[in-house]
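Open the model in your viewer and keep the selection panel at hand. The stops below say what to select and what to look for.

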Amino acid sequence: PDAQPTLLPALSRAEGRMLGLGAFLLASAAADVPRLPRALVINLPRHEARLAKVRAELRAAELPFERMPAVDGRALPADALRANVTALGRHLLTSGMIGCFLSHRRCWLKCVETGQPLIVFEDDAVLMPEFRRRLQAAMADLPEAWDVLLLGAFGCVRPDGIYGPGGIFRLFGWMGGGTRRIRTLPGRAGLHVPWRPYGTHAYMVSPSGAKKLLAACPRANYHVDNVAWGVKSLNLYCVHPLMAKQTHSDTTVGGLSGEEWIPKFFTQVDPYTGVSFSWAWNTPVIKLGPSGILLTVGRSFGSGMIALAAAILHAVLTRSPTALIAWAVYAIAFGATIRILSTQR
């Protein structure tokens, strides 16, 4: 005879109620977890190795993404430069700075077109552990009227107001303008409003934020992070601690390279943001003419400090303030140039 099927014992009414309650709680918990937005990775077609690295980062975080082809500033014809870059920018920006700026504009346009928030990564982003879980928690805590959430940043972003060794990052905050009042959100320890952030390697943008950025940044006029995160109308927030950093091992914005001479103990300037000495030393500030001198952050600051020391020594030895006055004029002119570049539209 055929084997008789084994009958499972019927559930009691109490057990049925418990199972129903468990299913309800699981469904409620799933509903409370925010759905992650679509992710874009900005990447130049020729940089396959960089794409492979960031792909591994995002796969580990279980975060699918779409590649956003970056704008190659070197390949832009003259008419495209005139249409998309300010007059000063065409003379003082590297092709990499221009391409980076216009690449992020592509992402903002995509955000407006889809009508949905987007996560934007540059292809040198490095994700911190538990990225996905922490992002879901941050999204749950975001105020309703948010525009940008910085997942990685550098500059003046720590909620405790400590900005680099000796507060040196404050200098760049004042120079760039667009500072905000530091504000923590009650009951939301993982979010705050930063004083003056920089960095576009990892952020989330809403359609309302993308519209504001497109209106405020119509043409490339300086580093995109300096201009975009200085827009005061943005409802901008930052996670704490940061969820993404950058490799800083190379640059695609037209800076210099070379860190072999840097002592190992001196490679990191700010552990909180991950800013390295090589980045600070080599990142471009302005380029003087199409084939002119490239002024970088570290070289400009370092030479300025040496010139200041020489001017002070000269004043002490000669009892004349001439050299100090000349140094002050140079410093003011340099800062004014950065401010004008950042605000010209």
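**First stop: H7 against H12**

Select Trp174, Met175 and Gly176 in H7, which meet Phe334, Gly335, Ile338 and Arg339 in H12. By class, the residues of this contact divide into four nonpolar, two polar and one charged. Bear in mind that the model is predicted.

Now show both helices whole: H7 covers residues 169–176 and H12 covers residues 322–343. Their axes come within 8 Å and cross at roughly 60°. That angle makes H7 oblique to H12.

**Second stop: the E7–E8 hairpin**

Move on to residues 183–185, strand E7, and residues 188–193, strand E8. The two run antiparallel and are joined by three bridges. Pick Arg183: its bridge partner in E8 is Val193. Then pick Leu185, whose bridge partner in E8 is Arg188. Two residues lie between the strands of this hairpin. Stop at Gly187 in the turn, where phi is positive, at about 75°.

**Third stop: across to E11**

Stay on E8 and add strand E11, residues 236–239. These strands also run antiparallel, joined by two bridges. Select His192 and look across to Cys238 in E11, which stands opposite.

**Fourth stop: the whole sheet**

Colour the strands E2-E1-E3-E10-E5-E11-E8-E7 in that order. They make an open sheet of eight strands with mixed pairing. Which strands stand at the edges? They are E2 (65–69) and E7, each with a single partner strand, so one side of each has no neighbour in the sheet. On average, neighbouring strands are turned by 30° against each other, direction ignored.

Next, add helix H2, residues 48–60, which packs on the sheet. H2 touches E1 (38–43), E2 and E3 (118–122). The direction of H2 makes about 160° with that of E1.

**Last stop: H5 against H8**

Select residues 95–114 for H5 and residues 207–216 for H8. The helices pack at an angle of about 135°, their axes 8 Å apart. H5 and H8 are therefore oblique to each other. The crossing of H5 past H8 is left-handed.

Show side chains at the contact. From H5, take Arg105, Trp108, Leu109, Cys111 and Val112. They meet Pro207, Ala210, Lys211, Leu213 and Leu214 in H8. By class, this contact has eight nonpolar, no polar and two charged residues.

Technical notes: Residues are numbered from 1 along each chain as its sequence is written. This is a predicted model: local features need pLDDT of at least 70, side-chain atom pairs count only at pLDDT 80 or more; totals for chains, interfaces and linings use all residues. Side-chain values use heavy atoms; hydrogens and water are left out. Axes are lines fitted to C-alpha atoms, for helices over the stretch in contact, and angles run from 0 to 180 degrees between N-to-C directions. Helices (H or I, at least four residues) and strands (E, at least two) are DSSP runs, numbered from the N terminus. Angles under 35 degrees count as roughly parallel, over 145 as roughly antiparallel, 65 to 115 as roughly perpendicular and the rest as oblique. Contact means heavy atoms within 4.5 Å. Ala, Val, Leu, Ile, Met, Phe, Trp, Tyr, Cys and Pro count as nonpolar, Asp, Glu, Lys and Arg as charged, and the others, Gly among them, as polar. Two strands pair if DSSP finds at least two bridges between them. A crossing is left-handed if the near helix is turned anticlockwise from the far one by less than a right angle, and right-handed if clockwise.
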